[in-house]
Amino acid sequence: MSTAQIERAQAARLPEDDVVGILLTQHARIRDLFAAVRNGPAERRQERFDQLRMVLAVHETAEEMVVRPRTKELVGEREAEARNEEEKEATKVLSELERLDVDSERFRTLLDEFEESVSEHADREEREEFTVLRRVYDQEQRSRLGKRLLAVEKVAPTHPHPATAGSRTAQWAVGPFASLVDRARDAVNSTRGPNDDY
């Protein structure tokens with residue numbers, strides 16, 4: 001059984017709005033998208049990478065704004081800062097990947113390294129954060145956190161913003177504006193044809 005399948009099975013045992021279940025499902029989707037970019041048809045690589053980029057950007061922003069304060073409270077500042085630093089570094093790499101040609105050797109090499117670091121990060125979150133959330137918070141509290149997480153995701157930026165990554169304050173201050181710009185850019189790009197040069 002793959003890690004993504006295990007995550008989905010664990011999430012399926014939790015209520016739909018449980019923050020841990022939501023995050024486990026997202027981790028599984030991220031793993032699947034990495035595989036789709038790496039192994040899927042070349043003509044769909046850019047589309048799959050755009051999906052991966054968007055899911056990661058939104059997911060990491062929501063974790064930093066909703067989960068990380070709970071981690072700081074329950075596990076300690078050191079653990080929360082370690083996860084934020086990993087996400088900050090991931091945002092820088094994702095930003096670099098976004099600028100590369102998806103068919104280039106550099107893209108493939110960096111994507112492989114990035115996938116490994118994202119997987120390790122997700123494993124640490126599941127082991128060090130999610131288990132504590134499940135142990136300390138009751139179902140009602142986890143459901144409230146799940147609803148808050150989903151609300152944040154609706155307005156989170158869809159592209160990496162290294163200047164705000166790892167800082168909850170920066171996410172609150174800059175995130176809504178970055179999100180508007182990102183979502184407008186995504187809408188325009190979705191209407192572009194293959195020969196459009198603007």
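## Helix 4

In helix 4, the buried residues are E79, A80, R83, N84, E87, A90, T91, V93, L94, S95 and L97. The cover over these residues includes helix 3 and helix 5. Helix 4 comprises residues 77-99, 23 residues in number, and extends 33 Å between its first and last C-alpha atoms. That distance is close to the 33 Å expected at 1.5 Å a residue.

The structure under discussion is a predicted model, and the values below should be read accordingly.

## Overall architecture

The secondary structure of the chain consists of seven helices and zero strands. Followed along the sequence, the pattern is α-α-α-α-α-α-α. The chain has 198 residues, of which 44% count as buried.

Among contacts in the chain with a separation of 6 or more, 73% join residues that are 24 or more positions apart. The exposed area of the chain is about 10600 Å², and 52% of this area is supplied by carbon and sulfur atoms.

## Confidence of the model

The mean pLDDT of the chain is 85, and 80% of the residues score at least 70. Among the elements of the chain, helix 2 has the highest mean pLDDT, at 97. Helix 7 (residues 168-190) has the lowest, with a mean of 48.

Over residues 172-181 the pLDDT stays under 50. For this stretch the model has 11 contacts beyond four places in sequence.

## Aromatic pairs

The structure contains two aromatic pairs. In one of them, F34 and F114 have ring centres 5.7 Å apart and ring planes at 65 degrees; because planes over 60 degrees apart count as edge-to-face, this pair belongs to that class. F34 lies in helix 2 (residues 19-39), whereas F114 lies in helix 5 (residues 105-136), so the pair ties together parts that are 80 residues apart in sequence. Both F34 and F114 are buried.

F49 and F107 also form a pair: their ring centres are 5.3 Å apart and their planes stand at 85 degrees, so this pair is edge-to-face. Since F49 is in helix 3 (residues 45-74) and F107 is in helix 5, the pair ties together parts that are 58 residues apart in sequence. F49 and F107 are both buried.

## Surroundings of F107

F107, a residue of helix 5, has a relative accessible area of 0% and is therefore buried, the limit being under 20%. With neighbours within four places in sequence left aside, F107 is in contact with V37, R45, F49, L97, L100, D101 and V102. Its aromatic partner F49 is thus among these contacts.

L97, another residue in contact with F107, is one of the buried residues of helix 4. F107 and L97 are 10 residues apart along the chain, and their C-alpha atoms are separated by 6.3 Å.

## A buried glutamate and an exposed glutamate

E7 lies in helix 1. Its relative accessibility is 1%, so E7 counts as buried. A polar atom of the E7 side chain lies 3.2 Å from the backbone nitrogen of A28. Beyond its neighbours within four places in sequence, E7 is in contact with L24, H27, A28, R31 and E126.

E16 is located in the loop between helix 1 (3-12) and helix 2. With a relative accessibility of 79%, E16 counts as exposed, because the limit for that class is over 50%. E16 and K147 are 131 residues apart in sequence, while their C-alpha atoms are 10.0 Å apart in space.

## Helix 6

Helix 6 spans residues 139-155. Its 17 residues should cover 24 Å at 1.5 Å a residue, and the C-alpha atoms at its ends are 25 Å apart, which agrees.

At the start of helix 6, a side-chain oxygen of D138 comes to within 3.1 Å of the backbone nitrogen of E140. The buried residues of helix 6 are R142, S143, L145, G146, L149, V152 and E153.

Definitions and conventions. Residues are numbered from 1 along each chain as its sequence is written. Side-chain values use heavy atoms; hydrogens and water are left out. Rings of Phe, Tyr and Trp (its six-membered ring) pair if their centres lie within 6.5 Å; planes under 30 degrees apart count as stacked, over 60 as edge-to-face and the rest as tilted. Helices (H or I, at least four residues) and strands (E, at least two) are DSSP runs, numbered from the N terminus. Buried means under 20% relative accessible area, exposed over 50%, partly exposed in between (1.4 Å probe, protein chains only). Contact means heavy atoms within 4.5 Å. The expected span of a helix is 1.5 Å times one less than its number of residues. A polar contact is a pair of N or O atoms within 3.5 Å; within protein, one must be able to donate a hydrogen and the other to accept it, and residues adjacent in sequence count only if both atoms are side-chain atoms. pLDDT is the predictor's confidence in each residue, from 0 to 100. Accessible areas come from the Shrake-Rupley method with a 1.4 Å probe; for residues, only the protein chains shown count as cover.
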